[in-house]
Every structure is written in C-alpha cells, then in structure tokens.
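Please load the model in a viewer and keep the selection panel at hand. The tour proceeds by selections, each followed by a description of what is found there.

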Amino acid sequence: MEEFNILVCDDDKSIVDAIEIYLKQENYNVIKAYNGLGALQALEENEVHLILLDIMMPQMDGMELIDNLRNDFATSHIPIVMITAKHEDDTQVRALKYGADGYIAKPFTMELVTARIDSVLDRRLTLMSRLSENRPA
C-alpha cells in the first residue's frame, strides 16, 4: 500500500491531535498546521496527497488558503476536504466553488473522515492509472 501524506490544518490543536492519532492508526502520515500560513509553509516542505482544512482560522482562513492553492500550479491538484463548524448551505456552496473536494460538518466521526479520505484518494489513483494506461507510447 502506498503511503499518503495528509495535511491537517485547524486552529484547534485538540482536533488536529485527535485526527493525527486516528489517521496514523490507518497508516496515513500526518503533517500538522494551525492556520493557512502554516499550511502553505508545510506544503513547501512536504509532498502532500490530501488536505483536511478548517474554514475559520486566524492569519489566513480556509477560503483564502483554497484560493491560494487552486491558483498555484504546484498545489492546484491536491484534493481538499473541508472540516468545519459552519453548517450553512451557502458556506458549503462557497467552499465547493472555491475548489474544495468535500465538506464535513463538525462534530464528525473519524469513520466519516477516513471514508472521505479513502474515497477521494481512491478516485485519484484510479484516474492516474487510467491516464497512464492511455498514454501513447
């Protein structure tokens, strides 16, 4: 099984730590950040396969971070799953329009988080496999 690096970005350290403990048990590598600026720095230093991201954070919120990531060729392909206490439909629609690949409302179960991660990563692997199979020789 391929090892995947998951960037978890939330200003609540207890949430980041809880997600880290669970994801490590599921054989994911976890990189932690506590705001958007920290996430950008982590992305410069690490290969990241998926980002779990809160919307409401200091210094740079999740929407600003998504906008930065989607407008940078080096990071535009990384799947992003929002995890946030903002449940309103307009917030979810805005996150998806900015480029989020999924949205999970707090409180959540870790089973839901890992199911979403597995689903997104499986789809990416399938797509990459199909693209490489159809490459001209």
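The model is a predicted one. Begin by selecting Ile-19, Tyr-22 and Leu-23 in helix α1, which meet Met-110, Glu-111, Thr-114 and Ile-117 in helix α5. Sorted by class, this contact between α1 and α5 comprises 5 nonpolar, 1 polar and 1 charged residues.

Next, extend the selection to the whole of α1, residues 13-25, together with α5. The two helices pack at an angle of about 60°, and their axes are 11 Å apart. The angle makes α1 oblique to α5. Viewed as a pair, α1 passes α5 in a right-handed crossing.

Follow the chain onward from α1. In the loop between α1 and β2, select Asn-27. Its phi is positive, at about 70°, although Asn-27 is not a glycine. For context, most residues other than glycine have a negative phi, and most peptide bonds are trans.

Now display the strands. Which order do the strands of the open sheet follow? The 5 strands are arranged as β2-β1-β3-β4-β5, with parallel pairing. The edges are held by β2 (29-33) and β5 (102-105); each has a single partner strand, so one side of each lacks a neighbour in the sheet. On average, neighbouring strands of this sheet are turned by 20° against each other, with direction ignored.

Narrow the view to strand β1, residues 5-9, and its neighbour β2. These strands run parallel and are joined by 5 bridges. Within this pair, select Leu-7, which stands opposite Ile-31 in β2. Then bring back helix α5, residues 110-133: it packs on the sheet and touches β1, β3 (50-53), β4 (80-84) and β5. The direction of α5 makes about 145° with that of β3.

Move to the loop between β5 and α5, where Pro-107 lies. Select Lys-106 as well, since the bond to inspect is the one between the two residues. A cis peptide bond joins Lys-106 and Pro-107, with omega at about -5°.

From Lys-106, draw a distance to Arg-70. The C-alpha atoms of these two residues, 36 residues apart along the chain, are separated by 24 Å.

Centre the view on Arg-70, which belongs to helix α3. Which residues does Arg-70 touch, not counting those up to four places away in sequence? They are Thr-75, Ser-76, His-77, Ile-78, Pro-79, Ile-80, Tyr-98, Gly-99 and Asp-101. Two of these partners merit a closer view. A polar atom of the Arg-70 side chain lies 2.9 Å from the backbone oxygen of Ser-76. The side chain of Arg-70 also makes a polar contact with the side chain of Asp-101, at 3.0 Å.

Finally, select helix α3 (residues 62-70) together with helix α4 (residues 89-98). They pack at an angle of about 20°, with their axes 9 Å apart. The helices α3 and α4 are therefore roughly parallel to each other. Their crossing is left-handed. To see the interface itself, select Met-63, Ile-66, Asp-67 and Arg-70 in α3, which meet Thr-91, Arg-94, Ala-95 and Tyr-98 in α4. By class, this contact of α3 with α4 has 4 nonpolar, 1 polar and 3 charged residues.

Conventions:
Residues numbered from 1 in each chain as written. Predicted model: local features only at pLDDT ≥ 70, side-chain atom pairs only at ≥ 80, totals over all residues. Heavy atoms only, no water. Axes fitted to C-alpha atoms, helices over the stretch in contact; angles between N-to-C directions. Helix = DSSP H or I, 4+ residues; strand = E, 2+ residues; numbered from the N terminus. Parallel < 35°, antiparallel > 145°, perpendicular 65-115°, else oblique. Left-handed = near helix turned anticlockwise from the far one by under 90°. Contact = heavy atoms within 4.5 Å. Nonpolar A, V, L, I, M, F, W, Y, C, P; charged D, E, K, R; others polar. Polar contact = N/O pair within 3.5 Å; in protein donor to acceptor, adjacent residues only side chain to side chain. Pairing = 2+ DSSP bridges.
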